[in-house]
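User: I should like to learn how to read helix packing and strand pairing in a structural model. Please take me through the features in turn.

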Amino acid sequence: MPKIKLTKTELKSQQDALKQFRRFLPTLQLKKQQLQMEIRGSLERLEKNEAEYKRLLNSLQDWIALFGDAAAAERLGKIVRLDRVISETWNIAGVEVPVFKDAEFTVLDFDLYAEDPWFEDAVAVIKELIMLTESGKLIQEQHRLLREELMTTTQRVNLFEKVKIPEARENIRRIRIFLSDMDTS
């Protein structure tokens, strides 16, 4: 514990510091609660995204035999290409997080008469799978950023609650005792 001056000026500065700590602590606690709620929400969104992805993959089980032809799978892989992911940033409890908006694809032209009848539907499903994958990546990034901010905020709350406020109270108590002793003598 650093040595403090036992003066009225130091008493005033310690009282001001204590007042400031008490004023900021509720704000930090509220931010911590908001971050915890957002982290739970991001986990739910991630689970929902994964469930939708698995549902879509399970619906592809009927098509697996059609993809048995390696040439068809290779053609499908060349036809659909992800160009870019469109996202925006939102401020959630003071943290800038990316939010999935859309994805742009390049779908090369293919002859509907030359390809199998299921080929066009497969292109649509592949696009949806890619969109779900990219959306899941952004949700994971959101979750990571929110967790980092929660850790920082929790450290600050603990610093105020367990160190700064008790330290300021103790300093005020010691200064008052010293000043009262000086007055009586």
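Analyst: The discussion below treats helices and then a hairpin. This is a predicted model, in which local features need pLDDT of at least 70, side-chain atom pairs count only at pLDDT 80 or more, and totals for chains, interfaces and linings use all residues. Residues are numbered from 1 along each chain as its sequence is written, and side-chain values use heavy atoms, with hydrogens and water left out.

User: What span should helix 3 have, and what is the distance between its end C-alpha atoms?

Analyst: Helices (H or I, at least four residues) and strands (E, at least two) are DSSP runs, numbered from the N terminus. The expected span is 1.5 Å times one less than the number of residues. For the 66 residues of helix 3 (residues 119-184) this gives 98 Å, and the end C-alpha atoms lie 96 Å apart, which agrees.

User: How do helix 1 and helix 3 cross?

Analyst: Axes are lines fitted to C-alpha atoms, for helices over the stretch in contact, with angles from 0 to 180 degrees between N-to-C directions. The axes of helix 1 (residues 8-59) and helix 3 come within 6 Å and cross at roughly 160°. Helix 1 is therefore roughly antiparallel to helix 3 (angles under 35 degrees count as roughly parallel, over 145 as roughly antiparallel, 65 to 115 as roughly perpendicular and the rest as oblique).

User: Which strands pair, and what is notable about phi in the hairpin?

Analyst: Pairing requires at least two DSSP bridges. Strand 1 (residues 80-92) and strand 2 (residues 95-107) pair in the antiparallel sense over 12 bridges; Glu88 has Val99 as its bridge partner, and Arg81 stands opposite Thr106. Most residues other than glycine have a negative phi. Ala93, in the loop between the strands, has a positive phi near 55°.
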